[in-house]
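User: I should like to learn how to read a metal site and the strands around such a site. Could we work through an example together?

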Amino acid sequence: MKDALRIRSVGAESGTRAQGFITIGEMPSGPMQFPVVIINGAADGPVLCLTSGVHATEYAPIDAVMRIAQSLDAATLRGAVIAVPVVNMRMFESRTGFVSPLDGLNLNKVAPGRADGSFSEILAQVLLDEVIGQAAYHIDLHAGDLGEMLLPFAGYALTGKRELDERGEALARLYSPKLISLATSDGKIPPFADGICYAATRRGVVSIFAESGGNGTLEEADVRVHVDGVTNVMRYLGMIDGTPSTVGPRVMGRERQVVRATRAGLLRLRVKIGDELVAGQEVAEVCNVFGEVVETVRSSGAGIAGLVWAHKVVNTGDPVVRYWIV
Ligand SMILES: [Zn+2]
């Protein structure tokens, strides 16, 4: 028999599962808490932590973690899975994008958090110390947030420790259908230095950042990228049966550039996520309220369209497309 796995009041013996809420504070309406599911396999193996809903209007990753948590069988699982399907419950129930309605902070920009801080900082600290910190491997599942259409990718923050970095890169390659991002500490590409994954890697957890879906949607194809990615990683780690597979070449994102409108009006997009852009290519046209075309927005360089904003009206300086230089 292997050891029981416990996070505060939620504990699972070997070969069993448990679920419940972890309370980290209170609101006038009741406890401030997040849900956790522990599936503690009967056989030995690594502990994998899955988190989604750090940004809780990113629905494809949330649905994927819910489905995976429901589908795993403790009797056959090797090792254990700790799943937090919705990290930020206040964002989830109020359908708030980007930042917590409680303190205005982005949970993925306050890591490693602090016990004597505001809600998001407390949440980051508990998540890292008591949840992710129990695992050898961690995947933080994301999507484009509200108004962001995003090309799937997986990223890992390099630590300089070869053994960890080899496993981190392997996980990112196994997860992503195409694009991967290996971040260094200068922080031009994700995962960034104040993010949950970055903080986890500094504590010796092999932690990757995985994106699929966006713009407040819940599409089967986007969920599938996440479910397939986690399944592939779990096969690689020997936690479930099957051979991990990578289909097609992986492309390494090295830098990102944002193309912005300089004029204002209705935006007629000419690109979609995944398009390969060349320098000077038209990405959108802006027309003023009289219907006159006032700007042709062109790509500043060559790359792959990784984020296309869903807004159809722009003001001066608004982003149109962000592309990966690969
Ligand atoms: Zn996110």
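Analyst: We begin with the rule for geometry: four donors count as tetrahedral if all angles lie between 85 and 135 degrees, and as square planar if opposite donors are over 155 degrees apart and all others between 65 and 115, while anything else is irregular. Please keep in mind that this is a predicted model.

User: Which atoms coordinate the zinc ion, and at what distances?

Analyst: His55 and His142 each contribute ND1, and Glu58 supplies two OE donors, at 2.1 to 2.4 Å from the zinc ion. Along the chain, the donors follow the spacing H-x2-E-x83-H.

User: How is the geometry of the zinc site classified?

Analyst: The general reference is that four tetrahedral donors have an ideal angle of 109.5 degrees. Here the angles among the four donor atoms range from 56 to 145 degrees, and the site is irregular.

User: Where in the fold do His55 and His142 lie?

Analyst: His55 is located in the loop between strand E5 (43-52) and helix H1 (59-71). His142 belongs to strand E7 (residues 137-142), so the pair ties together parts that are 87 residues apart in sequence.

User: Is His55 buried or exposed, and why?

Analyst: The cut-off for buried is under 20% relative accessible area. His55 counts as buried because its relative accessibility is 9%. His142 is likewise buried, with a relative accessible area of 1%.

User: What does the side chain of His55 contact?

Analyst: A polar contact of 3.2 Å links the side chain of His55 to the side chain of His142. Leaving aside residues up to four places away in sequence, His55 touches Met91, Phe98, Asn106, Asn108, His142 and Asp145.

User: Let us turn to the strands. In which sense does E5 pair with strand E6, and over how many bridges?

Analyst: E5 and E6 (residues 78-84) pair in the parallel sense, over six bridges. Within this pairing, Cys49 stands opposite Ile82 in E6. The chain passes from E5 through H1 to E6, a β-α-β crossover that is right-handed.

User: How does E5 pair with E7?

Analyst: That pairing is also in the parallel sense, over five bridges. Thr51 has Asp140 in E7 as its bridge partner.

User: How many residues of E5 are buried?

Analyst: Seven of the 10 residues of E5 are buried, and the strand is mostly covered.

Definitions and conventions:
Residues are numbered from 1 along each chain as its sequence is written. This is a predicted model: local features need pLDDT of at least 70, side-chain atom pairs count only at pLDDT 80 or more; totals for chains, interfaces and linings use all residues. Side-chain values use heavy atoms; hydrogens and water are left out. Helices (H or I, at least four residues) and strands (E, at least two) are DSSP runs, numbered from the N terminus. Buried means under 20% relative accessible area, exposed over 50%, partly exposed in between (1.4 Å probe, protein chains only). A polar contact is a pair of N or O atoms within 3.5 Å; within protein, one must be able to donate a hydrogen and the other to accept it, and residues adjacent in sequence count only if both atoms are side-chain atoms. Contact means heavy atoms within 4.5 Å. Donors are N, O and S atoms within 2.8 Å of the metal (3.2 Å for Na, K and Ca); water is not among the atoms, so sites may look incomplete. Four donors count as tetrahedral if all angles lie between 85 and 135 degrees; four count as square planar and six as octahedral if opposite donors are over 155 degrees apart and all others between 65 and 115; anything else is irregular. Two strands pair if DSSP finds at least two bridges between them. A crossover is right-handed if, with the strands pointing away from the viewer, the path from the first strand over the helix to the second runs clockwise.
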